[in-house]
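Reader: I have a model open on my screen and would like to walk through it with you. Could we start with one residue and then turn to the ligand?

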Amino acid sequence: MTDSTRLAIIYGSTRPGRLCDKVVSWVARELAYYPLIDIDPIDPLEFDLPFQHDREHAGVAALSERLSNADAFIVVTPEYNHSFTASLKFLLDLVYEPWHGKPVAFVSYGGISGGLRAVEQLRLVFAELHAVTVRDTVSFANPWGRFAEDGSLDNPIDARQSLVRMIARLQWWSNALKPARAVRPYRSVAA
Ligand SMILES: Cc1cc2nc3c(=O)[nH]c(=O)nc-3n(C[C@H](O)[C@H](O)[C@H](O)COP(=O)(O)O)c2cc1C
C-alpha cells in the first residue's frame, strides 16, 4: 500500500531571473500525474527571512512550520562554483529538526556537470541534518532554452524517466519513514 506524501519542493536559487522557477514548474507539472503526492513549493523569497542566523525570527517560524509539515523533500539546485548556492545553505541552516528522519531527492542543473557537484555536496549537509538522500537524481546539463515559461520541457523523455525512478524511491523512503517517525519520534533516538 502507498500512503500519500506531502512533498516540499525547495528552490535552490534566489537569483533575479533564475532558471530555478522554470525547473520547479517542470517538476510540479510532472508531479500533477501523481494523485498521492501533495506538493508545497518552498521559495525562500516568499518568507520574511532574517539576514542573520536568527532562529527566533518570525519568518523562520513560518519556514519551520512548512518544512515540518513535509514528509519528503525535493531540492531543485543549480551549481554555483562547483557547489550549491549560499541562499540554499542559509535556508538549510535556519532550521534543524524539520529535516530529521526524512528523505531528500535532487533535481539539479548547470553546465556540463548538470549540477551534480552541487548535489554531492548537499548529500554531506543532509547527512548532518539526519536526513536520507535518494541515490537517483534528475540532472540537466546545459539546459538553456529547454524550458518554457510554463515549465514544459523540450525533449522530455529521458528527464521524465529519471524523475519517475527518483520519485518511486523517494516515495518508498517516505512510506517507510513516516510511520517510523510516528512510532518513535526521531528526537527521542539516542537522547
Ligand atoms: C556565481 C555563479 C557561479 C556558477 N558556477 C557554475 C559552476 O561552477 N558550474 C556550472 O555548471 N555552472 C555554474 N554556473 C551557471 C549556473 O549553473 C547557471 O547560471 C544556472 O542557470 C544558475 O541557476 P539559477 O539561474 O536558477 O540561479 C554559475 C552561475 C553563477 C551565477
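Reader: Where does L45 lie?

Author: Happy to help, and please keep in mind that this is a predicted model. Strand β2 covers 37-42 and helix α2 covers 58-69. L45 lies in the loop between β2 and α2.

Reader: Is L45 buried or exposed?

Author: The cut-off for exposed is over 50% relative accessible area. L45 has a relative accessible area of 53%, so L45 counts as exposed.

Reader: Which residues does L45 touch, not counting residues up to four places away in sequence?

Author: Contact here means heavy atoms within 4.5 Å. With residues up to four places away in sequence set aside, L45 touches T14 and R18.

Reader: Now the ligand: which of the 15 residues around the ligand come nearest?

Author: A residue belongs to this group if one of its heavy atoms lies within 4 Å of the ligand. Of the 15 residues, the nearest are S13, R15, Y80, Y109 and G111.

Reader: How many residues of each class does the shell around the ligand have?

Author: Glycine is counted as polar in this grouping. The shell has six nonpolar, six polar and three charged residues.

Reader: What share of the ligand's exposed area does the protein bury?

Author: Let's begin with the polar backbone atoms: one of C20 is 3.0 Å from a ligand oxygen, and one of H82 is 2.9 Å from a ligand oxygen. A ligand nitrogen is 2.7 Å from a polar backbone atom of N81. Taken alone, the ligand exposes 620 Å², and of that the protein buries 74%.

How values were computed: Residues are numbered from 1 along each chain as its sequence is written. This is a predicted model: local features need pLDDT of at least 70, side-chain atom pairs count only at pLDDT 80 or more; totals for chains, interfaces and linings use all residues. Side-chain values use heavy atoms; hydrogens and water are left out. Helices (H or I, at least four residues) and strands (E, at least two) are DSSP runs, numbered from the N terminus. Buried means under 20% relative accessible area, exposed over 50%, partly exposed in between (1.4 Å probe, protein chains only). A polar contact is a pair of N or O atoms within 3.5 Å; within protein, one must be able to donate a hydrogen and the other to accept it, and residues adjacent in sequence count only if both atoms are side-chain atoms. Accessible areas come from the Shrake-Rupley method with a 1.4 Å probe; for residues, only the protein chains shown count as cover.
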